[in-house]
Amino acid sequence: MASDHLGILWRGNRDARNQATAENNRLRPVFEALAGLDVAAEPVVYSDEFVEEVRNQLQQLDGILVWVDPITDGQNRSRLDALLREVASTGVWVSAHPDVILKMGTKEVLFRTRDVGWGSDTHLYNTARELMEQLPSRLAAGPRVLKQSRGNGGIGVWKVEVQPGATVRVQHARDRDGVTEDLPLSEFIDRCEEYFSGTGCMVDQPFQPRIVDGMIRCYLTQDKVAGFAHQYPSHALPPETVLGLPAQKTMYGPAEPRFKALRASMESDWVPASQRLLNIETNSLPAVWDADFLYGPKNEHGEDTYVLCEINVSSVYPFPEEAVGQIAQTATTCMLQAKKTRVNLSTT
Ligand SMILES: Nc1ncnc2c1ncn2[C@@H]1O[C@H](COP(=O)(O)OP(=O)(O)O)[C@@H](O)[C@H]1O
Ligand SMILES: [Mg+2]
């Protein structure tokens, strides 16, 4: 077995796999930071088309950092996650482990941690029937945002607002074009049926009108804040139609003064409280993840408040330059720990 070998895994086709080097991909800074810590890292380009080949590669490694979205071009992670679980069960360190993604990277986390300081009035529907029974009274109090349990890029994220009659105005966050559609509530609920197939569910949060001020992404390595990003709405849209945001972000380091209060709340309160609720030890927290915040209403002192929009775990990219060193350091420490445990187990 090669010593202290880390794999960095992302999705790609045969050509991408054949051509990938540590230099010719977007995670090059991570490869470089690892090299600076004397850790040899290799690209692992994954596709469902060559699972066996990737399995053979992963079995030679001590740790794997993974960047794969839950849904890419209609492909999900079911085969990849099975493979990662299998490899992790032999003592290889995997970040993020699929079980940890399930606990913190799906929209249910918004419901499970709704009473943590970052939460809002959040509900969970397991069936279209529950949605039909409970949504109308909540809509009467104001616009809501409904989200399918697993997704990215605004797919299956809907702003819903009551209109006169039994009609609702809906807007899909995926489209980022401000376009809305009016339709009978029952028809909208029928459309949501697909989100409940299998173990699917929907989470319901209040719509936060301060989305017009953008979104704050807080990056973490395990339980430490590693940086921030601010993402702004498109100026081309009337403010009342803002929902999904363009991807462009302004990055900040972890010590950025304007986010001092958010960092303090995250590190000393919200992250530890969520770890207890979700039963995730610090060592199992991902080497890189983010919590996306919307501004809530200002508090009585006129200060900003923050409401959790979602947590991303599967494929956090881009991230601030300042985060790279922390990611590499954490990956190295965790991989070495896992390796030590494996060696100890095999000699006892
Ligand atoms: N409660 C909310 N209030 C206002 N806008 C929201 C709310 N929830 C989500 N959005 C908007 O919808 C987008 C997509 O929602 P998000 O929960 O981040 O799902 P995804 O996993 O698809 O990124 C967000 O980036 C944000 O612009
Ligand atoms: Mg999002």
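In which loop is the place of Asp38? In this predicted model, Asp38 is placed in the loop that runs between helix 2 (28-36) and strand 2 (40-46), and the legends below begin with that residue.

**View 1. Asp38 and Asn279, two loop residues with positive phi.** Asp38 is not a glycine, yet its phi is positive, at about 65 degrees. With a relative accessible area of 70%, Asp38 lies over the 50% cut-off and is therefore exposed. Asn279, likewise a residue other than glycine, has a positive phi near 60 degrees, and is found in the loop between helix 9 (260-278) and strand 14 (289-295). Its relative accessible area of 61% is over 50%, so Asn279 counts as exposed. As background to this view, most residues other than glycine have a negative phi.

**View 2. The cis peptide bonds from Ser95 to Ala96 and from Tyr317 to Pro318.** The bond that leads from Ser95 to Ala96 is cis, with omega near -5 degrees, and Ala96 itself lies in the loop between strand 4 (93-95) and helix 5 (98-104). A cis peptide bond also joins Tyr317 and Pro318, where omega is about -5 degrees; Pro318 has its place in the loop between strand 15 and helix 10 (321-347). Most peptide bonds are trans.

**View 3. Ligand 1 and the residues that surround it.** The shell around ligand 1 consists of 22 residues, of which the closest are Lys107, Lys147, Gly154, Leu243 and Glu310. In the side chain of Lys107, an N or O atom is 2.7 Å from an oxygen atom of ligand 1, and for the side chain of Lys147 the corresponding distance from an N or O atom to a ligand 1 oxygen is 2.8 Å. Leu243 takes part through its backbone, an N or O atom of which lies 2.6 Å from an oxygen atom of ligand 1. On its own, ligand 1 has 540 Å² of accessible area, and the protein covers 94% of this. The space that ligand 1 takes is the largest pocket, and the elements that give two or more residues to the surrounding shell are strand 6 (144-148), strand 10 (202-206) and strand 15 (306-312).

**View 4. Gln205 in strand 10 and its polar contact with Lys147.** Gln205 has its place in strand 10, one of the elements that give two or more residues to the shell around ligand 1. Its relative accessibility is 3%, which is under the 20% cut-off, so Gln205 counts as buried. The side chain of Gln205 makes a polar contact of 3.1 Å with the side chain of Lys147, and Lys147 is in turn among the residues closest to ligand 1. When neighbours within four places in sequence are left aside, the residues in contact with Gln205 are Leu110, Ser120, Asp121, Thr122, Arg144, Val145, Lys147, Leu308 and Cys309.

**View 5. Gln148 in strand 6 and its contacts.** Gln148 is located in strand 6 and counts as buried because its relative accessibility is 13%, under the limit of 20%. Not counting residues up to four places away in sequence, Gln148 touches Lys107, Ile155, Gly156, Tyr195, Cys201 and Met202. Lys107, one of these contacts, is also among the residues closest to ligand 1.

**View 6. Ser120 in the loop between helix 6 and strand 5.** Ser120 lies in the loop that joins helix 6 (108-112) to strand 5 (123-125). Although it is a loop residue, Ser120 counts as buried because its relative accessibility of 15% is under 20%. Apart from neighbours within four places in sequence, Ser120 is in contact with Arg114, Gln205, Pro206, Gln208 and Val307. Leu58 is 62 residues away from Ser120 along the chain, and the C-alpha atoms of the two are separated by 40 Å.

**View 7. Leu185 in helix 8 and its contacts.** Leu185 is found in helix 8, which comprises residues 185-192, and its relative accessible area of 15%, being under 20%, is why Leu185 is described as buried. Setting aside neighbours within four places in sequence, Leu185 is in contact with Leu135, Pro136, Leu139, Ala166, Thr167 and Val168. Between Leu185 and Gln163, which are 22 residues apart in sequence, the C-alpha to C-alpha distance is 9.7 Å.

Definitions and conventions: Residues numbered from 1 in each chain as written. Chains lettered and ligands numbered in written order. Predicted model: local features only at pLDDT ≥ 70, side-chain atom pairs only at ≥ 80, totals over all residues. Heavy atoms only, no water. Helix = DSSP H or I, 4+ residues; strand = E, 2+ residues; numbered from the N terminus. Buried < 20%, exposed > 50% of the residue type's maximum accessible area, 1.4 Å probe, protein only. Contact = heavy atoms within 4.5 Å. Near = heavy atom within 4 Å. Polar contact = N/O pair within 3.5 Å; in protein donor to acceptor, adjacent residues only side chain to side chain. Areas by Shrake-Rupley, 256 points an atom, 1.4 Å probe, with all protein chains shown as cover. 1 Å grid on protein atoms, 1.4 Å probe; cavity = no way out; pocket = protein on both sides within 12 Å on 5 of 7 lines; lining within 4 Å. Sits in = over half its atoms within 2 Å of the grid points.
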